[in-house]
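Reader: I have a new model open and would like to learn how to read its strands and pockets. Could you walk me through it?

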Amino acid sequence: VQLQASGGGLVQPGGSLRLSCVASGSIDSLNVMGWYRQGPGERRDVVAYITDRDTKNYGDFVKGRFTVSRDSAKNSVYLEMNGLKPEDTATYYCQAGDHFRDYWGQGTLVTVSS
């Protein structure tokens, strides 16, 4: 499974970004896709994920600002981020999983700064 993420960039506080991730390869067994993030000197934390049954979960810090969604026909998962704060600055990683292992994309940098 290969994951290609895009959509990161520089945004001002309070702004919005939409991250996209496309999965390719042996994707039929995937049962979850989502997003993690890792700031400088920090551990990698879950941001949001969505299962193949459309169950969604979010990290506590999201507090209603982000929305995860998927498009099965496009083998894609998205992260709509609103109300961005400087502390949201991090590299965001697309993640997918099946019953055996996790797969990771290359990461896309999100910088929230004025």
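Reader: Let me begin with pairing. In which sense do β1 and β3 pair, and over how many bridges?

Author: Happy to help, and please keep in mind that this is a predicted model. β1 and β3 pair in the antiparallel sense, over five bridges. To see one of them, find S6: its bridge partner in β3 is S20.

Reader: Which sheet do these strands belong to, and in what order do its strands run?

Author: The order is β1-β3-β8-β7, an open sheet of four strands with antiparallel pairing. Each of β1 (2-6) and β7 (66-71) has a single partner strand, so these two stand at the edges, with one side of each left without a neighbour in the sheet. On average, neighbouring strands of this sheet are turned by 15 degrees against each other, direction ignored.

Reader: Back to S20, then. Is S20 buried or exposed?

Author: A general idea helps when you look along a strand: in a regular strand the side chains alternate between the two faces of the sheet. As for the case here, S20 lies in strand β3 (residues 17-24). Its relative accessible area is 18%, and because buried means under 20%, S20 counts as buried. Leaving out residues up to four places away in sequence, S20 touches Q4, A5, S6, W35, V77 and Y78.

Reader: What about β4: how many of its residues are buried?

Author: Five of the seven residues in strand β4 (residues 32-38) are buried, so this strand is mostly covered.

Reader: Which strands pair with β4, and over how many bridges?

Author: Take them in turn. With strand β5 (residues 45-51), β4 pairs in the antiparallel sense over six bridges, and here G34 stands opposite Y49. With strand β9 (residues 90-97), the antiparallel pairing of β4 covers seven bridges, and R37 stands opposite Y92.

Reader: Which residue takes a positive phi in the hairpin of β4 and β5?

Author: That is G41, with phi near 70 degrees; the hairpin has six residues between the strands.

Reader: Last topic, pockets. Which residues lie nearest the centre of the largest pocket?

Author: Look for L30, M33, R70, S72 and N75, which lie nearest the centre among the 14 lining residues. The space in this largest pocket is about 200 Å³. β4, β5 and β7 each supply at least two residues of its lining.

Reader: How do the residues of that lining divide by type?

Author: Six are nonpolar, five polar and three charged.

Methods. Residues are numbered from 1 along each chain as its sequence is written. This is a predicted model: local features need pLDDT of at least 70, side-chain atom pairs count only at pLDDT 80 or more; totals for chains, interfaces and linings use all residues. Side-chain values use heavy atoms; hydrogens and water are left out. Buried means under 20% relative accessible area, exposed over 50%, partly exposed in between (1.4 Å probe, protein chains only). Contact means heavy atoms within 4.5 Å. Two strands pair if DSSP finds at least two bridges between them. Axes are lines fitted to C-alpha atoms, for helices over the stretch in contact, and angles run from 0 to 180 degrees between N-to-C directions. On a 1 Å grid over the protein atoms alone, a cavity is a set of points where a 1.4 Å probe fits but cannot get out, and a pocket is an open set with protein on both sides within 12 Å along at least five of seven lines; lining residues have an atom within 4 Å of a point. Grid points are joined across faces, edges and corners, and a volume is the space filled by probe spheres set on the points. Ala, Val, Leu, Ile, Met, Phe, Trp, Tyr, Cys and Pro count as nonpolar, Asp, Glu, Lys and Arg as charged, and the others, Gly among them, as polar.
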